[in-house]
Amino acid sequence: MTQRLADVPSGARQSTLRTTNLGLVLRTVCASDGSTSRSDVAATTGMTRATAARLVDELLAGGLLDEGERDPLPRRGRPATPLLPGAAFAALGLQVDAGLLAARVLDLRGRVVAERVEQADLRGSEPAATFARLGVLTEELLAGAPTGLRLVGGGLALPGVVDEQAGVLLRAPNLGWSDLPTADLLRGVLPAGLTVELGNEADLAARTVAQAAPGRAGPHRDFLYLSGQIGIGGAVVLDGRVVTGSSGWAGEVGHVCVQPDGPACSCGSTGCLELYAGRHALLRAAGLPLDASSGDLARLAREGDPAGAAAVETGAWALGVALAGVVNVVGIPTVVLGGHLAELADLLRPALEGHLARRVLSARWRAPRILSARGPLAAGATGAALRALDGVLADPARRLG
């Protein structure tokens, strides 16, 4: 039997209204990139000043909001007290990739308050040993984090196809892992009671472009994100939200075939994009050791080294073929390059834009744009923490008791 609103006890309706309004107030403060006062909250939300002030006070008492220093205003009257997201609430972001382990703590203001990043070659590594290393890294991180932090949860970014509900990494070609019960491994190495959700590394890294901070939109809302590591991950972002597909497995741009008769890929296919534009592929083509940096490759190319220039040219061609197909299908002509691709963006951009201009049907009317994401290493870890903090914004009442 359908229950009408009139049939719901008034206490339940009041509780739901309180929860909704607390979330609205908190998100309003978090969305601001400047100082926000109680009056600003009331004006933005349409609440009365008394209601807005009461909800703000409740969030302040629970630590979800903080008051900043009053700025003297050149006018009569009492200066407004600015409101800030609560610095005491934070989330843990973790990342396991073929070339690194990372652990990062992000607070509700979007600040990195502690981090540990360890470069390592994890291709073909034993999963239990790798997660044990991640556990030690996390333990060291949390031991050195500021006192008084309230961890609300966390997330783990993985470079492959993830079943988030089951907590299983289904396939990570560059790590050589398949059907890995990741959630079970995490429970054995992380602090008891800490909830960590799994996610695809590129999907989570794309959040760092879509969001400037928890609850605050970034400068780009619709874009294709490419995460450049040893391989290449991808994500489609529409109106600031990552489009994951019906199973959560969308965005595997690195395994788009650009040359059917090309070399075999670890995913089982042939001629995949990452075999030409992945970091290791570019370094090999330039004749550099695999532990060289993208900066070393850029220097060779700029100095006119034939192998270095050819590697960049081939990478731009492969990116052009793969991205043109994606742009033609999804109709989003803004591409954001992350990881090693961002470091090489200035070299890749001219040729890549040329390839896209020829291959994208709508390029005549709206030319594709190639942008770079200049963020910290292991952006997936940051995105994992952002996702956990978004849960606080969705239901702050849960944190107040």
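Which residues lie nearest the centre of the second largest pocket? In this predicted model, select Arg207, Gln211, Gly240, Arg241 and Asp390, which lie nearest that centre among the 26 residues lining the second largest pocket.

**The second largest pocket**

With those residues displayed, extend the selection to strand E10 (196-200), helix H6, strand E12 (216-217), strand E15 (241-243) and helix H13 (379-394), each of which supplies at least two residues of the lining. Helix H13 makes the largest share of that lining, with five residues. The space in this pocket comes to about 670 Å³, and its lining divides by class into seven nonpolar, nine polar and 10 charged residues.

**The largest pocket**

Next, turn to the largest pocket, which holds about 880 Å³ of space. To find its centre, select Gly339, Gly375, Pro376, Leu377 and Ala378, the closest to that point of the 48 residues that line the pocket. Then colour helix H6 (residues 201-210), which gives the most to this lining, with four residues. Colouring the lining by class should show 22 nonpolar, 18 polar and eight charged residues.

**The enclosed cavity**

The structure holds one cavity of 30 Å³ or more, and the space in the largest cavity is about 30 Å³. To display its lining, select Gly160, Val161 and Val162, then Asn200 and Asp203, and finally Gly248, Trp249, Ala250 and Glu252. Four of these lining residues are nonpolar, three are polar and two are charged.

**The nonpolar cores**

In soluble globular proteins, nonpolar side chains tend to be buried together. Here the largest nonpolar core has 41 residues, and a good entry point is the set with the most contacts inside it, namely Leu224, Leu226, Leu273, Leu297, Leu319 and Leu323. Strands E13 (223-228), E14 (232-238) and E16 (334-339) each give two or more residues to this core, as do helices H7 (274-277), H8 (279-285), H9 (294-302), H10 (306-330) and H12 (345-359). Helix H10 gives the most, with 11 residues.

Within this core, centre the view on Leu319 and show its contacts: leaving aside residues up to four places away in sequence, Leu319 touches Leu226, Leu273, Ala277, Ala324, Leu341, Leu348 and Leu352. As a last stop, select Leu156, Val162, Ala172 and Leu186, which are included in a second, separate core of 30 residues. Val162 has already appeared on this tour, as one of the residues that line the largest cavity.

Note on methods. Residues are numbered from 1 along each chain as its sequence is written. This is a predicted model: local features need pLDDT of at least 70, side-chain atom pairs count only at pLDDT 80 or more; totals for chains, interfaces and linings use all residues. Side-chain values use heavy atoms; hydrogens and water are left out. On a 1 Å grid over the protein atoms alone, a cavity is a set of points where a 1.4 Å probe fits but cannot get out, and a pocket is an open set with protein on both sides within 12 Å along at least five of seven lines; lining residues have an atom within 4 Å of a point. Grid points are joined across faces, edges and corners, and a volume is the space filled by probe spheres set on the points. Ala, Val, Leu, Ile, Met, Phe, Trp, Tyr, Cys and Pro count as nonpolar, Asp, Glu, Lys and Arg as charged, and the others, Gly among them, as polar. A nonpolar core is a set of buried Ala, Val, Leu, Ile, Met, Phe, Trp, Tyr and Cys residues joined through side-chain atoms within 4.5 Å. Buried means under 20% relative accessible area, exposed over 50%, partly exposed in between (1.4 Å probe, protein chains only). Contact means heavy atoms within 4.5 Å.
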